[in-house]
Amino acid sequence: TIAKWLTTKGNFIEGKGIEPNVVVDLPELYRVTPLSREHVLKLDDNNEEVKKVQIMLSGLGYETDRTDGYFSQKTESAVKSFQRENGLPITGQVNEATSDLLEQKIVEYLLKPENDVQLSKAVEILSK
């Protein structure tokens, strides 16, 4: 490299990193990856894609009874509520249009400063 990574006190951290003095765990919603569009997700499916949908719906405030990847009736009800509130056809299935809008809503949620738990913790600490 042409530069050194130094802390504000001049400590060389290249290859070592730094240990945070305050750890803020992010909700699972922040780690969920984009949905596959390969299959329509529906009642009684059981896979990682359903798990991601459940995490997304829960993060957006829709009540699901599980986040283990089993597409239960409660998950179907949450999908229907999401579809109804967002002007989509109410099928209870996660097709491409539902996946697209669900991901869009997640991005909007994550971009709002009031939903940033790390920023909130930093502001709290700096305010003291």
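This passage describes the packing of helix 3 against helices 1 and 2, and the surroundings of threonine 75. The model is predicted, with local features requiring pLDDT of at least 70 and side-chain atom pairs pLDDT 80 or more, while totals for chains, interfaces and linings use all residues. Residues are numbered from 1 along each chain as its sequence is written, and side-chain values use heavy atoms, without hydrogens and water.

Helix 2 (residues 73–85) packs on helix 3 (residues 96–111) at about 80 degrees, with axes 11 Å apart. Helices are DSSP runs (H or I, at least four residues) numbered from the N terminus; axes are lines fitted to C-alpha atoms over the stretch in contact, and angles run from 0 to 180 degrees between N-to-C directions. Helices 2 and 3 are therefore roughly perpendicular (65 to 115 degrees; under 35 is roughly parallel, over 145 roughly antiparallel, the rest oblique). Val79, Phe82 and Gln83 of helix 2 contact Thr98, Leu101, Leu102 and Lys105 of helix 3 (heavy atoms within 4.5 Å).

Between helix 1 (residues 48–59) and helix 3 the angle is about 50 degrees and the axes lie 10 Å apart, an arrangement that is therefore oblique. Val53, Met56, Leu57 and Gly59 of helix 1 meet Leu102, Glu103, Ile106 and Tyr109 of helix 3.

Threonine 75, in helix 2, is buried at 0% relative accessible area (buried, under 20%; exposed, over 50%; partly exposed, in between; 1.4 Å probe, protein chains only). Leaving aside residues up to four places away in sequence, threonine 75 touches Gln54, Leu57, Asp65, Arg66 and Tyr70. The C-alpha atoms of threonine 75 and threonine 64 are 5.3 Å apart, at a sequence separation of 11 residues.

How values were computed. Helix = DSSP H or I, 4+ residues; strand = E, 2+ residues; numbered from the N terminus.
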